[in-house]
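Q: I am new to this structure and would like to learn how to read its features. Please show it to me first.

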Amino acid sequence: MELYVEKKWKLVKKVSKKETTTAADSEKKESAAARRSFSRRCARLAKEQRARFYIMRRCVTMLVCWRD
């Protein structure tokens with residue numbers, strides 16, 4: 001596999017005949033990528049929810065413990 005720079009600084013992969021993929025291979029890669037993107041999306045949402053709960057917990061603690 002060779003890499004070379006095309007016009008306008010685009011990095012392009014030079015594919016030989018041996019490296020060509022079949023339709024089934026490309027479908028497998030696409031479905032794997034879809035699973036990964038779903039996993040990433042779920043992980044990102046879980047992280048965001050965890051952060052929100054942390055902030056809420058801190059606010060509630062502050063309000064409960066707050067004294068004049």
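Q: How much area does the chain expose, and what part do carbon and sulfur atoms supply?
A: Accessible areas come from the Shrake-Rupley method with a 1.4 Å probe, and for residues only the protein chains shown count as cover. Here the chain exposes about 7200 Å², of which carbon and sulfur atoms supply 60%. This is a predicted model, in which local features need pLDDT of at least 70 and side-chain atom pairs count only at pLDDT 80 or more, while totals for chains, interfaces and linings use all residues. Residues are numbered from 1 along each chain as its sequence is written, and side-chain values use heavy atoms, with hydrogens and water left out.

Q: Where in the chain is confidence lowest, and where is it highest?
A: The predictor's confidence in each residue is given as pLDDT, from 0 to 100. Where pLDDT is low, the predicted coordinates should not be read in detail. The chain averages 76, and 59% of the residues score at least 70. Confidence is lowest in strand 1 (residues 2–6), with a mean of 55, and highest in helix 1, at 86.

Q: In what order do the elements of the chain run?
A: Helices (H or I, at least four residues) and strands (E, at least two) are DSSP runs, numbered from the N terminus. This chain has one helix and two strands, in the order β-β-α from the N terminus on.

Q: What share of the residues is buried?
A: Buried means under 20% relative accessible area, exposed over 50%, and partly exposed in between (1.4 Å probe, protein chains only). Of the 68 residues in the chain, 0% are buried.

Q: Which side chains meet in a salt bridge?
A: A salt bridge places a side-chain nitrogen of Lys or Arg within 4 Å of a carboxyl oxygen of Asp or Glu. The structure holds one salt bridge, in which the side chains of glutamate 48 and arginine 52 meet at 2.8 Å, N to O. Because these two residues are four residues apart in helix 1, about one helical turn separates them. Glutamate 48 is partly exposed at 35%, and arginine 52 is partly exposed at 48%.

Q: How many disulfides does the structure hold?
A: A disulfide is a pair of cysteine sulfur atoms within 2.5 Å. The structure holds zero disulfides. Cysteine 42 is partly exposed at 36% relative accessibility, and cysteine 65 is exposed at 54%.
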